[in-house]
Amino acid sequence: MGSRKNLCKMKYWKKLHSHFKAVDKLKMRDLFDKDKNRAEEFTIQFENMTFDYSKNRITDKTMRLLFDLAGECNLSEKIEAMFKGEKINITENRSVLHIALRNRKNKPIYVDGKDVMPEINAVLAKMKKFSDSVRFGEFKGHTGKKLKNIVNIGIGGSDLGPMMASHALQRYWAKDIKCYFISNIDGTACAQVLNEVNPEETLFIVASKTFTTIETLTNARTCRKWLVDELGEHAVSKHFVALSTNKEEVAKFGIDTENMFEFWDFVGGRYSLWSAIGLSLAIAVGMENFEKMLDGAYAMDKHFRSAAFEKNIPVVMALLGVWYNNFFNYKRYGVIAYDQYLKYLPAYLQQLDMESNGKSVDVNGEDVKYSTGPAIFGGAGTDVQHSFFQLIHQGTDVVPCDFIIPAISHNEIGEHHEILVSNAIAQVEALMRGKTEKEAADELVKAGKPKGTVEFLKKFKAFSGNRPSNTFVFKKIDPYALGALLAAYEHKVFVQGVIWNVDSFDQFGVELGKQLALRILPELKGDLHPAEHDSSTLSLLKIIRNYRK
Ligand code: F6P
């Protein structure tokens with residue numbers, strides 16, 4: 001991304017710091033009272049998605065300064081650089097082209113002078129052919145039975161994307177197909193799935209960009225052995241396919257490369273749902289629905305690339321995140337989905353965001369002097385209202401949140417959805433408004449509490465409010481809407497990476513633990529190497545060896 005002025009020295013960064021002092025004193029309640037058009041002013045409509053960001057600690061001026069900061073960071077040029085296939089992943093010298101995977105108009109995108117679209121289209125066509133043939137029972141198992149259990153074996157981006165999206169789109173699954181996901185190296189993860197499925201009806205999809213990831217390869221070997229024990233070596237070609245960038249390793253593992261669906265190093269693991277990594281999803285929901293998801297993402301890509309910053313959902317999401325992270329010092333971020341089908345969305349976004357922007361060295365190789373990616377967590381409403389929302393409302397740390405609300409449920413049963421939606425709207429209102437001590441006291445008086453009790457309890461029952469949130473409202477969570485939503489988050493993360501001047505597309509931070517685990521593995525059984533460890537590590541090894549005796 002080239003050398004750039006330090007963020008802290010930028011004109012609009014400094015202006016935002018001075019402006020912050022004024023905004024910090026403002027109450028959102030008052031801002032809403034003063035300006036009846038606030039909601040309208042701070043809402044962006046994108047097709048069937050409404051993004052209301054009016055319940056944030058912002059004024060017009062805040063947004064103007066944030067947009068100017070984005071300009072000062074050359075955001076428009078950076079966006080173009082990504083879409084044009086420039087090698088913006090500078091530490092790995094790679095293009096970043098998940099957008100090419102859903103480039104539905106097929107305009108050429110060049111990497112090293114070669115248009116990547118023909119290869120992408122060929123893999124999509126191969127996915128269609130294969131997913132149709134599994135769904136319609138033409139591609140059968142070794143004993144001639146229909147493959148009804150689809151087991152994706154992968155981890156990180158090779159698991160979370162398809163796992164989250166298949167749950168999100170469960171209503172679109174073929175009636176007689178079930179998806180399973182094995183990611184954790186914990187043998188229990190394998191055992192739980194293998195206990196449920198019948199080898200004759202099971203297709204294993206080994207998903208690994210590198211095809212060297214120890215968890216995935218160990219799980220895949222265990223599943224392969226289980227299948228071979230049951231059906232014999234000849235069954236493998238009918239029950240195993242691979243999704244990878246690494247043909248050699250796929251062949252070495254014992255999967256025919258004819259049964260391999262390729263993707264490329266310009267697709268980051270956590271951005272790979274749109275590639276062959278989505279094969280389990282495509283089988284479950286059908287390629288037509290998979291392509292609708294690509295269409296939704298493509299629509300968001302176009303919006304991101306062309307909309308003015310003021311009307312650009314990912315840009316606004318990202319700048320608000322910077323505003324809280326770097327000016328208010330809010331280091332956590334919540335994502336609350338009021339849709340049971342989206343229950344894994346926070347886990348997916350955790351990897352997307354934290355693996356991308358959990359960095360402390362900038363693209364110039366300098367230590368950053370400001371904080372970068374926040375800790376992301378979340379869950380499904382209303383469940384989380386009964387777990388961590390106490391802290392969200394009254395804790396000392398403020399956690400800005402995104403609330404995701406579909407207006408229509410896939411399961412309109414009785415009053416369930418009305419209650420769900422009213423809770424979601426109530427939460428964002430409560431976070432913004434809070435409850436003053438006076439309001440709390442009045443309520444206690446009204447409930448007939450004695451004066452002493454009122455005086456004692458009113459402070460406990462008050463809510464500071466002024467807690468920020470964004471609200472996404474969708475008509476319904478369908479493949480298209482899901483695609484658009486996920487792409488919005490991807491671009492949010494990209495924009496924040498640009499502002500923080502980090503490479504959002506490498507993940508060296510996951511390496512050290514992997515290296516040490518390889519060194520420690522033989523020590524669980526064999527000789528210990530005390531000189532290589534601290535006393536705690538050594539003692540943990542000894543304790544575990546003792547328990548395992
Ligand atoms: O956790 C590190 C990581 O490299 C992720 O970025 C990636 O999604 C995951 O491991 C799995 O990698 P692979 O697809 O190569 O098995």
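This is a dialogue on reading a ligand site, the domains and two backbone features in a predicted model.

Colleague: Where does the ligand sit in this model?

Modeller: The ligand is placed in the largest pocket. There are 13 residues around the ligand, and those that come nearest are Ser-158, Ser-208, Thr-210, Thr-213 and Glu-355.

Colleague: How many residues of the shell around the ligand are nonpolar, polar or charged?

Modeller: Nine residues of that shell are polar, two are charged and two are nonpolar.

Colleague: Which polar side-chain atoms should I look at around the ligand oxygen atoms?

Modeller: A polar contact is a pair of N or O atoms within 3.5 Å. Start with Thr-213, where a polar side-chain atom is 2.5 Å from an oxygen atom of the ligand. For Ser-208, the distance from a side-chain N or O atom to a ligand oxygen is 2.6 Å. Gln-351 also has a side-chain N or O atom 3.2 Å from an oxygen atom of the ligand.

Colleague: What share of the ligand surface does the protein bury?

Modeller: The size of an interface is often given as the accessible area lost when the parts come together. Here the ligand taken alone exposes 390 Å², and the protein buries 87% of that area.

Colleague: Which domains does the assignment give for the chain?

Modeller: Domain 1 is made of 7-72, 307-433 and 467-500, domain 2 covers 110-290, and domain 3 covers 508-548. Between the C-alpha centres of domain 1 and domain 3 the distance is 40 Å.

Colleague: Where is there a cis peptide bond?

Modeller: The cis bond joins Gly-381 and Thr-382, with omega about 10°. Thr-382 belongs to the loop between strand 11 (375-380) and helix 17 (389-394).

Colleague: What is the sign of phi at Phe-211, positive or negative?

Modeller: Phi of Phe-211 is positive, near 55°, in a residue other than glycine. Phe-211 lies in the loop between strand 7 (202-207) and helix 10 (214-231).

Conventions
Residues are numbered from 1 along each chain as its sequence is written. This is a predicted model: local features need pLDDT of at least 70, side-chain atom pairs count only at pLDDT 80 or more; totals for chains, interfaces and linings use all residues. Side-chain values use heavy atoms; hydrogens and water are left out. A residue is near a molecule or strand if one of its heavy atoms lies within 4 Å of it. A polar contact is a pair of N or O atoms within 3.5 Å; within protein, one must be able to donate a hydrogen and the other to accept it, and residues adjacent in sequence count only if both atoms are side-chain atoms. Accessible areas come from the Shrake-Rupley method with a 1.4 Å probe; for residues, only the protein chains shown count as cover. On a 1 Å grid over the protein atoms alone, a cavity is a set of points where a 1.4 Å probe fits but cannot get out, and a pocket is an open set with protein on both sides within 12 Å along at least five of seven lines; lining residues have an atom within 4 Å of a point. A molecule sits in a cavity or pocket if more than half of its atoms lie within 2 Å of its grid points. Ala, Val, Leu, Ile, Met, Phe, Trp, Tyr, Cys and Pro count as nonpolar, Asp, Glu, Lys and Arg as charged, and the others, Gly among them, as polar. Domain bounds come from an automatic or database domain assignment. Helices (H or I, at least four residues) and strands (E, at least two) are DSSP runs, numbered from the N terminus.
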